[in-house]
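The following exercises concern the way two parts of one chain meet. Please work through each task with the sequence and the model at hand before reading its solution.

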Amino acid sequence: MPLSAVDVDRFQDAAPRLTAIAYRMLGSAGEAEDAVQETFLRWQGADVGRIEVPEAWLTKVLTNICLNQLSSARRRRETYVGTWLPEPLLAGDPMLGPADTAEQRESVSYAVLVLLERLSPHERAVYVLREAFDHSHREIAEMLEVSEASSQQTYHHAKKRVAEGKARTDIDEAAARQIVEEFLAAATSGRTEPLVPLLTQDAFSVGDGGGTVPARAKGFLGATAVATFLRGLFKPGGATRNYVGAATEVYATTANGGPAVVAVADGRVVGITCLEVTADGIAAVHNQVNPDKLQRATAQWAAARGGVAPLAVL
């Protein structure tokens, strides 16, 4: 039986929340949209009149779809060229979901998305549902068909593993822009000396080119090594222009709630650099240059960033 207009509206009302859950689970906007679409197909095929709490039913179906995708994704990533990094989302993207609490902002930060890759699919599901969407362990246990005690244990283990990363600093948009401006001024100076003080001594930098764009798979470790790499990457008329084949404008922005640099050439986003900031400085620099993971950012940038002046041209 076709869905009624009311039942379609029920799904549409739940869709933004479902999409935000799926993105946190999968780290990919495209895969998140696919998971939500599959959830809608399941909704179409269900006897919705017998579903007492539609949002709970939809969340359970979506979560299990994401778990299946994560299992297959892990196998695909074994043959991925270079380092796999999540797809960054620019400020204002509705897929980022709720950001009312520190926990919600933290759960979608780029640093945490990278750390979530270390967790098992079930650990990731429990962490996301509990930390970002405040589901009770009873609700999570019902969704994952485990005991409530198992959900609690899994959550505490997952949270501990995520907390093993550096103590990140929650900053507002104005502070993020200032950090990026200082970073770019140092990175485009042509010297390593201005960059080193901005970085922690054990700073790390890595990129994801997806086998399409050059990106060092093993990354760089230590303030001096990272600064040397960044000096070359952001040198006007240097490596970036050679790779892209055109002048590249760089802007200060936020991605996943944190400070970021977006590089644009001929209207296309060709790179997003996410900075992980701690009280001691910039601890990690994640460069996403895989074109497949920048398509959504390109569309959003074109729609929302007209007239903004670049901070530098490479």
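## The interface between the domains

**Exercise 1.** State how much area is buried between domain 1 and domain 2, and what share of it carbon and sulfur atoms give.

*Solution.* In this predicted model, the area buried between domain 1 and domain 2 comes to about 2,000 Å², with 55% of it given by carbon and sulfur atoms. Turning to the side of domain 1, the residues that lose the most area to domain 2 are Leu85, Pro88 and Leu90, which together account for 32% of what that side buries.

**Exercise 2.** Locate the two domains along the chain and say how many residues each brings to the contact.

*Solution.* Begin with the domain assignment, which places domain 1 at 5-165 and domain 2 at 173-313. Their C-alpha centres are 28 Å apart, and the contact takes 25 residues from domain 1 and 23 residues from domain 2.

**Exercise 3.** Find the salt bridges and polar contacts between the domains, and then describe the side of domain 1 that touches domain 2.

*Solution.* The count between domain 1 and domain 2 is two salt bridges. Arginine 296 and glutamate 33 form a salt bridge through their side chains, with an N to O distance of 2.8 Å, which satisfies the cut-off of 4 Å. Eleven residue pairs, both residues at pLDDT 80 or more, are in polar contact across the interface. On the side of domain 1 that touches domain 2, helix 2 (29-45) and helix 5 (110-116) are the elements that give two or more residues, and helix 5 supplies the largest share, four residues. By class, the residues of that side divide into 18 nonpolar, four polar and three charged.

Key: Residues are numbered from 1 along each chain as its sequence is written. This is a predicted model: local features need pLDDT of at least 70, side-chain atom pairs count only at pLDDT 80 or more; totals for chains, interfaces and linings use all residues. Side-chain values use heavy atoms; hydrogens and water are left out. Domain bounds come from an automatic or database domain assignment. Contact means heavy atoms within 4.5 Å. Buried area is the accessible area (1.4 Å probe) that two parts lose on being put together, summed over both. A polar contact is a pair of N or O atoms within 3.5 Å; within protein, one must be able to donate a hydrogen and the other to accept it, and residues adjacent in sequence count only if both atoms are side-chain atoms. Ala, Val, Leu, Ile, Met, Phe, Trp, Tyr, Cys and Pro count as nonpolar, Asp, Glu, Lys and Arg as charged, and the others, Gly among them, as polar.
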